[in-house]
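Subject: Structure for your review

Dear colleague,

Please find below the structure I promised to hand over. My notes on what was found in it follow directly after.

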Amino acid sequence: MNILVTGGAGFIGSHVVRRLVNSYPNYHVFNLDTLTYAGNLENLKDIESSRNYTFIKGNICDTDFINALFIKYQFQGVVHLAAESHVDRSITGPLAFVKTNVLGTVNLLSAAKSIWEKDFRGKRFYHISTDEVYGSLGNTGLFSETTAYNPSSPYSASKASSDHFVRAYGETYGLPYLISNCSNNYGPNQFPEKLIPLFLNNIIIKQPLPVYGDGNYTRDWLYVLDHARAIDLIFHNGKNTETYNIGGFNEWKNIDLVKLLCKQMDQKLGRPAGESEKLITYVKDRPGHDLRYAIDASKIKKELGWEPSVTFEEGLAKTIDWYLTNGPWLNSVTSGKYQEYYEKQYK
Ligand code: NAD
Ligand code: TYD
């Protein structure tokens, strides 16, 4: 059975690809990725020569190429993760988000529809989305699968649009689909533009830690391997046309999380207590900054038996260890273009 994973060289995608390749020897996993700044084949070194794995470099926005790929490999299932994924980049350059997240998704849906429409049985198009489509919560409440969409950033608007297209292909053409909306992930291999890896890197190199606004924004953090396990479960056991919210039951105010990172890093690096906290610098807020995200993940728990297996303490410790022992990975992704991005975003 040929399975297409898109965006498999990125952060979450690489953990999903590894899990599928190692757990399902009867599948052939095709990883389609155009290798943007966020895609990195180093993330998959350990499985790159597996018998049931093939990497294909290509862009989901290229209609002819995508159609030809589906015809050639007759994929039975698609796990779609490829996206532009960083809110700050979407604020400075929204068009790339419309192209990849909206047009790219529609290209994949159309190609799947063309080869599957004679017989949709046994096929599934699984679209990986985010809790950010729901917009912002106030100080209380949780996002459920029926919360109305209310995206605030160009990133979340593009993901919301892609979710709508997936459902529209289901309603209009009968395409079998699944969607999951997950909270903030953290863990090994995350590109250091997102809060946790960016701050870990800055602590290592003793650079300021740029906290947006007053730091009283709240996110619900999930260890990436728990997300990959949820994706595996939904892909195999989720009900056609259903949506599943995935979350960590783990809300943190940014400033509290940053102080915890500082404390743990001081311990690991043998620095005096309180040293890294001195790097905290409050900077101009992100425009349209969502106050709070928090997921009600009771549906996936009840229907599929999933819940996070890694506590935040364990997950953070594993993440910090990974970044401290993977200096060459961190150095290679923070050289060159990254410096330009950093200058533009923070200086
Ligand atoms: P990422 O930015 O680390 O990786 C995205 C991958 O997609 C990269 O490998 C990139 O090269 C590839 N890609 C980008 N544009 C492409 C294109 N046009 N054609 C082919 N490949 C392309 O992202 P991530 O954090 O791993 O997120 C993966 C998915 O999960 C995204 O759809 C994102 O919206 C969703 N998500 C992420 C989080 C999170 O906290 N990171 C939370 C919930 C949902
Ligand atoms: P981020 O990791 O970009 O994820 P998202 O915006 O998708 O939730 O940001 C997490 C939180 O951290 C968010 O409230 C913005 C904040 N943040 C900072 O305060 N400083 C930073 O440099 C970054 C990247 C994020």
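A backbone N or O atom of N185 lies 2.9 Å from an oxygen atom of ligand 1. Please bear in mind that this is a predicted model. Two further polar contacts of ligand 1 deserve mention. A backbone N or O atom of G10 is 3.0 Å from an oxygen atom of ligand 1, and a nitrogen atom of ligand 1 has a polar side-chain atom of T100 at 3.2 Å. On its own, ligand 1 has 840 Å² of accessible area, of which the protein covers 96%.

The shell around ligand 1 numbers 28 residues, and I12, D33, S85, Y155 and K159 are the closest. Sorted by class, this shell holds twelve nonpolar, 14 polar and two charged residues. At least two residues come from each of α1 (11-23), β5, α5 and β7 (184-186). The largest share, three residues, is that of β5.

Helix α5 therefore appears in the surroundings of ligand 1, as an element defined by its DSSP run. The helix covers residues 154-173, 20 residues in number, and spans 28 Å from its first C-alpha to its last, close to the 28 Å expected at 1.5 Å a residue. Which residues of α5 are buried? They are Y155, S156, S158, K159, A160, S162, D163, V166, Y169 and G170. Y155 and K159 thus belong to the buried residues of α5 and are also among the residues closest to ligand 1. The packing partners of the buried residues of α5 are α3 (87-92), α4 (94-116), β5 (124-130) and β6 (177-182). After α5 comes G174, which has a positive phi, near 80°.

I turn now to ligand 2. Here 19 residues form the surroundings, with E132, R219, R286, H289 and Y346 the closest. The side chain of E132 places an N or O atom 2.5 Å from an oxygen atom of ligand 2. For R286, an N or O atom of the side chain is likewise 2.5 Å from an oxygen atom of ligand 2. N184 contributes a polar side-chain atom, which lies 2.9 Å from an oxygen atom of ligand 2. The protein covers 98% of the 510 Å² of accessible area that ligand 2 has on its own.

Two or more residues of the shell around ligand 2 are given by each of α3, α6 (195-204) and β8 (209-212). Of these elements, β8 provides the largest share, with three residues. The composition by class is nine nonpolar, four polar and six charged residues.

One residue in another helix is also worth recording. T319 is part of helix α10, which runs over residues 312-325. Is T319 buried or exposed? Its relative accessible area is 0%, and T319 therefore counts as buried, for which the cut-off is under 20%. A polar atom of the T319 side chain has the backbone oxygen of G315 at 2.6 Å. Leaving aside residues up to four places away in sequence, T319 touches Y186, G187, P188, L200 and Y223. Among these contacts, Y186 falls within the range of β7 (184-186), and L200 within that of α6 (195-204).

Yours sincerely

Definitions and conventions
Residues numbered from 1 in each chain as written. Chains lettered and ligands numbered in written order. Predicted model: local features only at pLDDT ≥ 70, side-chain atom pairs only at ≥ 80, totals over all residues. Heavy atoms only, no water. Helix = DSSP H or I, 4+ residues; strand = E, 2+ residues; numbered from the N terminus. Expected span 1.5 Å × (residues − 1). Buried < 20%, exposed > 50% of the residue type's maximum accessible area, 1.4 Å probe, protein only. Contact = heavy atoms within 4.5 Å. Near = heavy atom within 4 Å. Polar contact = N/O pair within 3.5 Å; in protein donor to acceptor, adjacent residues only side chain to side chain. Areas by Shrake-Rupley, 256 points an atom, 1.4 Å probe, with all protein chains shown as cover. Nonpolar A, V, L, I, M, F, W, Y, C, P; charged D, E, K, R; others polar.
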